[in-house]
Amino acid sequence: MSKSEAESVDFVRQIITQDVANKKNGGAVVTRFPPEPNGYLHIGHAKSICLNFGIAEDFGGECHLRLDDTNPEKEEVEYVESIKADVRWLGFDWGENQFFASDYFEQIYEWAVKLIQDGKAYVCDQTTEEVREYRGGWNKEGKNSPYRDRSVSENLDLFQRMRDGEFKDGEKSLRAKIDMNSPNMNLRDPAMYRIRHQHHHRTGDKWCIYPTYDWTHGQSDSIENITHSICTLEFENHRPLYDWYIAALGIHHPQQIEFARLNLTHTVMSKRKLLELVEGDYVSGWDDPRMPTISGLRRRGYPAAAIREFCAHIGVTKFNGMTDLALLELYVRNNLNKTANRAMAILDPLKVVIENYSENKSEMRKAVNNPEDESAGIREMPFSRELYIEREDFMEAPPKKFFRLAPGREVRLKNGFFLKCNDVIKDDDGNITELRCTYDPETAGGKAPDGRKPSGTIHWVSAKHAIDAEVRVYNVLFEKEKADDVPEGVDWKETINPSSLVVMNNAKLEPALADAESGACFQFERLGYFCVDNRDSKPEKLVFNRTVSLRDNKKKK
RNA sequence: UACCCGAUGGUGUAAUGGUAGCACUUCGGUUUUUGGUACCGUCAGUCUAGGUUCGAAUCCUAGUCGGGUAACCA
């Protein structure tokens, strides 16, 4: 990290630094990460997690994990569990501070009663359609609900009966009495409670009225003594309401601060759209390695540290931009380059027969596990008469900038010998099936005694020692940078990249990979970073996922 | 059409009234048993117009452009 990057501080931390200096909240810093358990967490949530937990760390405060479960319609325990697992995997710890908004339902109910008593809330009988109509619009003034002036006692009675289940869904609601002509729509008598005869994943059937987000969030923050309630930009217009409720209640007043959510090229990020991809079988599940979900990235092989570094790098602002996916990949490569052991793997095999190497012979060649990390040691790879090389490492009629194998040309087999191609064997259709080559036993050290230089260095595996594997090569899910920016009438899902997954069924791996553990990451030399799939890989049938390719400078120079 | 927010190289950001800096990208080069890594160099920016000031990316006004907002979703 550069000096200026280390010293620069985002605007949220600047606000908090000020507050701490001014002894606001006694100098305490308490943040929270408050997802709704209605889906899996994605890379955008990672930005928020890193911000909230990171601030708690920086200021010696705490960060709570709060599940914002006020709408039983879309929420499930499966999501709660996945959220907890993903936050932990990212490397953060909420300690004892795990909460649910539903923990506060009783308190929030009592506060609603208080607002009714203070004449600041009323039970409304309007339908959603009527509410919408009476609310007016940006240039249309609102009209008061005919139920707005009910007496306190009538409101109290009705609200109690709402809770007791006397009314059907949607028949009544509790609304805050604010201002039906506010230029801010959120202040035109917003709903506080709606009737939903629905089972809740935690409170069961105890409640048939549920508080809305606006009427829950600030109060939950207040109960938990949150000092800084950090959320995304689309809640800016809700802040006056957040402040109104807290002021009306006269309780601890956390400060809401909004920042820009993360937008990544070539991907969609809304939970609704991710759900559509899962439910429509466009992907194999929430943890499909093409998904921007934390579980998908994990399965893809992205290290948690790389995600954290990426989040630190992109910073926090109020500017709604679009971050290039390539930047995320950069951090993944940087991390893996230092940590992943190298291995040889052939995705698309082409057989090579070394005519001057005896049939029954084989020998072990030494290979460095990680040139970036001496402590990773060395391993041995078998070498024999028949090898596999990557089909694209041979060209019968190579262009000028092709440095690999070609008829009459000599290349170096990495960790092996110099290899020269003498003959090309083809089948009846003209497809190349085999290369007849010779090797130079004098080049065992990778250098020729006569000082000649090969045109390039390629990877290989010994055919009779190789193990078979399936390798899944992933590409972007959407070829367009702005994934869901489609013309009118076009379904955004139609732009899914048909080659987002390419399965290589006939991959050949060096034998050392046989006991690679689930999730283990390797650099397949010259190809990219690959990890053992944590779901489908079995000892008898290994499955690898391509995490990310190596940077490719072929086009240049 | 109302309100809120924003705008710094291609991208992400820093500079908080005092030299526009950093990273990625681009392009070029060095090293290299990975066309990887590392290293060196290089191109490139304050939305516009006024104003305040000795001095403005920063403050003010207006405009332009972009985003958000009219669920009993969060």
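This short presentation describes selected parts of one predicted model.

Local features here require pLDDT of at least 70, side-chain atom pairs count only at pLDDT 80 or more, and totals for chains, interfaces and linings use all residues. Residues are numbered from 1 along each chain as its sequence is written, chains are lettered from A and ligands numbered from 1 in written order, and side-chain values use heavy atoms, without hydrogens and water.

Let me begin with the sheet of 3 strands. This open sheet has the order 1-2-3 and parallel pairing; strands are DSSP runs of E of at least two residues, helices are runs of H or I of at least four, and both are numbered from the N terminus. Two strands pair if DSSP finds at least two bridges between them. At the edges are strand 1 (30-33) and strand 3 (98-100), each pairing on one side only. Direction ignored, neighbouring strands of this sheet are turned by 35° against each other on average. Strand 2 (residues 62-67) is joined to strand 3 by 3 bridges, and Leu65 has Gln98 of strand 3 as its bridge partner.

Helix 3 packs on this sheet, touching strand 1 and strand 2, and its direction makes about 160° with that of strand 1. Angles run from 0 to 180 degrees between N-to-C directions, with axes fitted to C-alpha atoms, for helices over the stretch in contact. Helix 4 (residues 77-89) lies across strands 1, 2 and 3, running at about 160° to strand 2.

How do helix 3 and helix 12 pack, and at what angle? Helix 3 (residues 43-58) and helix 12 (residues 304-314) meet at about 75°, their axes 9 Å apart. The two helices are therefore roughly perpendicular to each other, a term for angles of 65 to 115 degrees. Helix 3 contributes Ile43, Ala46, Lys47 and Cys50 to the contact, and helix 12 contributes Ile307, Arg308, Phe310, Cys311 and Ile314; contact means heavy atoms within 4.5 Å. These residues divide into 7 nonpolar, no polar and 2 charged.

I turn now to a second sheet. It is open, with 7 strands in the order 19-16-17-18-12-15-20 and mixed pairing. Strand 19 (457-458) and strand 20 (460-462) each have a single partner strand, so one side of each lacks a neighbour in the sheet. Strand 16 (residues 410-413) and strand 17 (residues 418-426) run antiparallel, joined by 3 bridges. Among the paired residues, Arg412 has Phe418 of strand 17 as its bridge partner.

Definitions and conventions: Angles under 35 degrees count as roughly parallel, over 145 as roughly antiparallel, 65 to 115 as roughly perpendicular and the rest as oblique. Ala, Val, Leu, Ile, Met, Phe, Trp, Tyr, Cys and Pro count as nonpolar, Asp, Glu, Lys and Arg as charged, and the others, Gly among them, as polar.
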